[in-house]
Amino acid sequence: MTLAVVAGLIGLALVDSTSLGTLVMPVWMIAHPRLRPSRVVLYLATIALFYWALGLALLLGASALTARWEEIGASRTTSWVQLVIGVGMLVASFWPDTPWARRRARERATGWREAGWRGRVAGADARASTVVTVALLAGLVEAASMVPYLGAIGLLSTSGLTAPASGAVLAVYVAVMCLPALVLLGLRLGVAERVTPLLTRLEAWLTTHTGGAIWWVVGILGFFLAADAVTRLGLWGPGS
């Protein structure tokens, strides 16, 4: 595994750490006046195990396709499909700037949809079974839209690592995803009076703006996918 791959995985993991499931919901729990640290740890452990298992399944699927990848990749049809996907991702990255997306952000800021989720996982009355269920639901809801995570699986599948080594790297990846939330939990337990106002402001900001970084990544990946397809199709340059 090269240094570039390692750096790419760390960067993708840090972007993934800002999602609704890995940061926003844990912050809701940590900022609650009747904090139960064990429930936060249980939530993070559950979502980490979920993404680790999902990643292993995706890696096994990627390995099964590796033998045919060169043949598939050489096809002009594949290049055109890649171009359409890349352009689609680039266009979709402007989604947060649409009026409908802004309205949804305002609704989220007032707790329109997330109030129910928060009530189930935060506070002294949260049951362990409920926390695990909500963590799994958060993972399922976000799995398809976590482009950085899928990009990390792609990097691992082409890294040349053995299956056990890939599993170990993936375990480190999901641990980094949960690291910011664990740091905030430690600060809440250690210096509660100083960090609680900060957590309150962070909670409000994340509820409104979460997902912004994801869309930047979607746009960047879309651009590179489209550019690579254009080059392989010969649509750009003196010979085009």
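# Reading a helical model

Mentor: Let's begin on the surface: helix H9, residues 163-190, supplies the largest share of the nonpolar patch, namely four residues. Keep in mind that we're looking at a predicted model.

Trainee: Okay, which residues make the nonpolar surface patch?

Mentor: Val41, Leu179, Leu182, Val183, Leu187 and Val191 make up the patch, and together they cover about 460 Å². Leu179 is one to click on, and you'll find it in helix H9.

Trainee: Is Leu179 buried, partly exposed or exposed, and what is its relative accessible area?

Mentor: The general idea is a scale: under 20% relative accessible area is buried, over 50% is exposed, and the range in between is partly exposed. Leu179 has a relative accessible area of 45%, so it counts as partly exposed.

Trainee: Let's zoom out. How many helices and how many strands are there in the chain?

Mentor: You'll count 11 helices and zero strands. Walk along the sequence and the pattern reads α-α-α-α-α-α-α-α-α-α-α.

Trainee: And what share of the residues is buried?

Mentor: Of the 240 residues in the chain, 36% are buried. As for the outside, the chain's accessible surface comes to about 13400 Å², and carbon and sulfur atoms account for 70% of that.

Trainee: Let's pick one helix. How many residues of H2 are buried?

Mentor: H2 is mostly covered, with 12 of its 12 residues buried. Among them are Trp28, Pro26, Gly21, Met25 and Met29. Thr22 is buried in H2 too, and we'll need that residue in a moment.

Trainee: Where does Ser19 lie, and why does it count as buried?

Mentor: Ser19 lies in the loop between helix H1 (3-16) and helix H2 (20-31). Its relative accessibility is 4%, so it counts as buried. Now look at its side chain: Ser19 makes a polar contact with the side chain of Thr22, at 2.8 Å.

Trainee: Now for rings. How many aromatic pairs does a search of the whole structure find?

Mentor: The search turns up three aromatic pairs. One of them joins Phe50 and Tyr51, with 5.2 Å from centre to centre and 75° between the planes. The way to read the angle is that planes over 60 degrees apart count as edge-to-face, so this pair is edge-to-face. Phe50 and Tyr51 are both buried. They also belong to one aromatic cluster with Tyr149 and Tyr173.

Trainee: Which residues does Thr46 touch, leaving out those up to four places away in sequence?

Mentor: Thr46 touches Val132, Ala135 and Leu136. Thr46 itself lies in helix H3, residues 37-73, and its relative accessibility of 11% is why it counts as buried.

Trainee: What share of the chain's contacts between residues at least 6 apart in sequence joins residues at least 24 apart?

Mentor: The share is 82%. You can also look at sequence separation with a single pair of residues. Take Arg232 and Trp80, which are 152 residues apart along the chain, while their C-alpha atoms are separated by 9.5 Å.

Trainee: Where does Arg232 lie, and is it buried or partly exposed?

Mentor: Arg232 lies in helix H11, residues 212-233. At 37% relative accessibility, Arg232 counts as partly exposed. For practice, set it beside Ser19, which counts as buried at 4%.

Terms used. Residues are numbered from 1 along each chain as its sequence is written. This is a predicted model: local features need pLDDT of at least 70, side-chain atom pairs count only at pLDDT 80 or more; totals for chains, interfaces and linings use all residues. Side-chain values use heavy atoms; hydrogens and water are left out. Patches are made of residues with over 30% relative accessible area and no salt bridge: like charges are joined within 9 Å, nonpolar side chains (Val, Leu, Ile, Met, Phe, Trp, Tyr) within 5 Å. Accessible areas come from the Shrake-Rupley method with a 1.4 Å probe; for residues, only the protein chains shown count as cover. A salt bridge is a side-chain nitrogen of Lys or Arg within 4 Å of a carboxyl oxygen of Asp or Glu. Helices (H or I, at least four residues) and strands (E, at least two) are DSSP runs, numbered from the N terminus. Buried means under 20% relative accessible area, exposed over 50%, partly exposed in between (1.4 Å probe, protein chains only). Rings of Phe, Tyr and Trp (its six-membered ring) pair if their centres lie within 6.5 Å; planes under 30 degrees apart count as stacked, over 60 as edge-to-face and the rest as tilted. A polar contact is a pair of N or O atoms within 3.5 Å; within protein, one must be able to donate a hydrogen and the other to accept it, and residues adjacent in sequence count only if both atoms are side-chain atoms. Contact means heavy atoms within 4.5 Å.
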